[in-house]
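Dear colleague,

Please find below the structure that I am handing over to you, together with its sequence. An account of what was found in it follows.

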Amino acid sequence: MNAIEFILAGMLAAATPFLLAALGEMVAERAGVLNLGVEGLMAFGAVLAFIIVYQGGGHLLGFVVAGLGSAVLSLLFAFVTLGFRANQVAAGLAIGILGQGLSALFGKTYESLTVRGLPKLALPGLSELPVIGGLFVQDIVVWISLAATLALWAIFAYSKIGLIVRAVGENPKAAHAIGYSVISVRVLAIAFGGAMAGFAGAYASVVYTPLWADGMIAGRGWIAIALVVFGTWLTGRIFLGACLFGAVSLMGLAAQATGLDVPSQLLSSLPYLVTIIVLGIISADRRLLKLNGVASLGEPFER
């Protein structure tokens, strides 16, 4: 397997934590809420899932507990920002720090322990294709994340639910005037974003790298937030961005495997360098941001 085949085979799996967390954050931001606590929510979900799986509860239960736990933690953010109209940036950072602290506390006794991952599922015929065949050999969570991406695209493009969420994010006063509960919609959007972050953390700790190490999320939550801006709040672009960052995160391993004499620290920093560059390019096009941006993002709602 050459470097290109290696990157293609692992790209979707590497992209899945970014994709799940970014999709959840996209829904929250579409409803007008900026939650910067994604990193901590992922870390909290990761440790909950690892504990459940390590104790013999199984991967399904691990993912469920991770999603519920992170959703509950995100509701604390909702209570502070929607109930008391606290600053969303400060509250999100606080929730992120809290999640990371709880992760370190709960995971202390599980440091360096491992669990069994999930088997790969191959699509008959497609998995035998040269070069790109590895793209079609993935675990079930990857396939579910792809289905979730399509489902969210359809919801925002064609359903009444998507229209309501967008209306709440664009003009909450108008949405309230025609009878929609802005607070309820935003609470549900925040909880959904928290659950997705929990799923992303769970995937990172019990499937992608099935071991526990403090700080294993390693900035993925921040990259997920950046992905939402990179994708200009559009599901398809967020998916492509996640694939890009997934591929970039594997380039370091591919370079080392081919014997390139590049410092490992530089290779490890590639995803973050790409994040800065991409955000700079996207931010330079104000027209694109205004076209797809959320008008009331980060603003508290007052009846």
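**Findings**

Ala218 has a relative accessibility of 40% and therefore counts as partly exposed. Please bear in mind that this is a predicted model. Ala218 belongs to the loop between H8 and H9, and its phi is positive, about 55 degrees, although the residue is not a glycine.

A second non-glycine residue with a positive phi is Ser112, where the angle is about 70 degrees. Ser112 sits in the loop between H4 and E1. With 57% relative accessibility, Ser112 counts as exposed.

**The loop after H8**

Ile217 also lies in the loop between H8 and helix H9 (220-230). Is Ile217 buried or exposed? Its relative accessibility is 3%, so Ile217 counts as buried; the cut-off for that class is under 20%. Once neighbours within four places in sequence are left aside, the contacts of Ile217 are Glu39, Met42, Ala43, Ala46, Gly201 and Ala204. From Ile217 to Lys160 the distance is 35 Å, C-alpha to C-alpha, with their positions 57 residues apart in sequence.

**Helix H8**

H8 consists of 27 residues, and its first and last C-alpha atoms are 37 Å apart, close to the 39 Å expected at 1.5 Å a residue. Of these 27 residues, 20 are buried, so H8 is largely enclosed by the rest of the structure.

Ala200 is a residue of helix H8. It is buried, with a relative accessible area of 0%. Leaving aside neighbours within four places in sequence, Ala200 is in contact with Pro17, Leu20, Ala21 and Met42. Ala200 and Leu19 are 181 residues apart along the chain, yet 7.9 Å separates their C-alpha atoms.

**Helix H6**

Which residues of helix H6 (residues 160-170) are buried? They are Gly162, Ile164, Val165, Val168 and Gly169. The arc that they cover around the axis is only 160 degrees, which means that they lie on the same side of H6. The general background is that an α-helix has 3.6 residues a turn, so residues three or four places apart point the same way.

The buried residues of H6 pack against four helices: H1 (3-30), H5 (140-158), H7 (172-177) and H8 (182-208). On the face of H6 turned away from this buried side are the exposed residues Lys160 and Leu163.

**Phe18 in helix H1**

Phe18 is located in helix H1 and is buried, at a relative accessible area of 4%. Not counting residues up to four places away in sequence, Phe18 touches Arg220, Ile223, Ala224, Leu227, Ala242, Phe245 and Gly246. Phe18 and Ala197 are 179 residues apart along the chain, and their C-alpha atoms are separated by 9.1 Å.

**Gly99 in helix H4**

Gly99 lies in helix H4 (residues 88-107). With a relative accessible area of 0%, Gly99 is buried. Which residues is Gly99 in contact with, leaving aside its neighbours within four places in sequence? They are Gly40, Ala43, Phe44 and Leu73. Between Gly99 and Phe18 there are 18 Å in space, C-alpha to C-alpha, and the two are 81 residues apart in sequence.

Two residues recur in these contact lists. Ala43 is among the contacts of Gly99 and also among those of Ile217. Met42 is likewise one of the contacts of Ile217 and one of those of Ala200.

**A nonpolar patch on the surface**

Turning to the surface, a nonpolar patch is formed by Ile4, Leu123, Leu126, Leu129, Val131 and Ile132. Together, these residues have about 460 Å² of accessible area. One of them, Leu126, is in the loop between strand E1 (120-122) and strand E2 (137-139). Leu126 is partly exposed, its relative accessible area being 37%. Why does Leu126 qualify for a patch in terms of its accessible area? Patch residues need over 30% relative accessible area, and Leu126 has 37%.

With kind regards

Methods. Residues numbered from 1 in each chain as written. Predicted model: local features only at pLDDT ≥ 70, side-chain atom pairs only at ≥ 80, totals over all residues. Heavy atoms only, no water. Patch = residues over 30% accessible without salt bridge, like charges linked within 9 Å, V, L, I, M, F, W, Y side chains within 5 Å. Areas by Shrake-Rupley, 256 points an atom, 1.4 Å probe, with all protein chains shown as cover. Salt bridge = Lys/Arg side-chain N within 4 Å of Asp/Glu carboxyl O. Helix = DSSP H or I, 4+ residues; strand = E, 2+ residues; numbered from the N terminus. Buried < 20%, exposed > 50% of the residue type's maximum accessible area, 1.4 Å probe, protein only. Arc of directions from axis to C-beta. Contact = heavy atoms within 4.5 Å. Expected span 1.5 Å × (residues − 1).
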